[in-house]
Amino acid sequence: MVSQKRRTKVEINEREYTIVGEKSTAHVKLVAETINKQIEELTSLSSNLSKEEQAILIAVNAVSDQIDMQLKMLELEEELEALRKQ
């Protein structure tokens, strides 16, 4: 099955980007909205951060959340396997 690439225009931190990928337009817009909210939060907490520093902190948080979710998924898979063996 060949997946279709979509082009979605979004605004992140007052700059327009065209995101190309397989995710739905709604998904990409939700991602952009979430990033913009995180930028607003960082700005309110520490207005002296550069845009680059904000981007790095958001990326660190995103990767940290991804690792947490992967670990949780592994735990749940192990629990499910243990329940299947019972």
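Among contacts in the protein chain between residues at least 6 apart in sequence, what percentage join residues at least 24 apart? The share is 11%, where contact means heavy atoms within 4.5 Å.

Before selecting anything, note that this is a predicted model, in which local features need pLDDT of at least 70 and side-chain atom pairs count only at pLDDT 80 or more, while totals for chains, interfaces and linings use all residues. Residues are numbered from 1 along each chain as its sequence is written, and side-chain values use heavy atoms, with hydrogens and water left out.

**The whole chain**

Show the protein chain as a cartoon and follow its elements from the N terminus, where the order is β-β-α-α, giving two helices and two strands (DSSP runs numbered from the N terminus, with helices being H or I of at least four residues and strands E of at least two). The radius of gyration of the protein chain, taken over C-alpha atoms, is 18 Å, well over the 12 Å that the globule rule gives for 86 residues, so the chain is more spread out than a compact globule; that rule is 2.2 Å times the number of residues to the power 0.38. Along its principal axes, the C-alpha trace spans about 55 × 40 × 15 Å.

Now switch on a surface: the accessible surface of the protein chain is about 7500 Å², and carbon and sulfur atoms account for 54% of this area (Shrake-Rupley method with a 1.4 Å probe; for residues, only the protein chains shown count as cover). Of the 86 residues, 12% are buried, where buried means under 20% relative accessible area, exposed over 50%, and partly exposed in between, with a 1.4 Å probe and protein chains only.

**The nonpolar core**

Select Val10, Ile12, Val28, Ala32, Ile39, Leu42 and Ile58, the seven residues of the largest nonpolar core (a set of buried Ala, Val, Leu, Ile, Met, Phe, Trp, Tyr and Cys residues joined through side-chain atoms within 4.5 Å). Both β1 (6-12) and α1 (25-45) supply at least two residues of this core, and the largest share, four residues, comes from α1. Centre next on isoleucine 58, which, apart from its neighbours within four places in sequence, is in contact with Ile35, Gln38, Ile39 and Leu42.

**Strand β1 and the loop after it**

Move to threonine 8 in strand β1, which is buried, with a relative accessible area of 3%. Leaving aside neighbours within four places in sequence, the contacts of threonine 8 are Tyr17, Thr18, Ile19, Thr25, Val28 and Lys29.

Then select asparagine 13, in the loop between β1 and β2 (15-21), where the backbone has a positive phi of about 55° although the residue is not a glycine. Asparagine 13 counts as partly exposed, at 22% relative accessibility. Glutamate 14 is found in the loop between β1 and β2 as well, and has a positive phi of about 65° although it is not a glycine; with a relative accessible area of 71%, glutamate 14 is exposed.

**Helix α2**

Finish on valine 60 in helix α2 (residues 51-85), which counts as partly exposed at 48% relative accessibility. Draw a C-alpha to C-alpha distance from valine 60 to leucine 76, and the two prove to be 24 Å apart in space while 16 residues apart in sequence.
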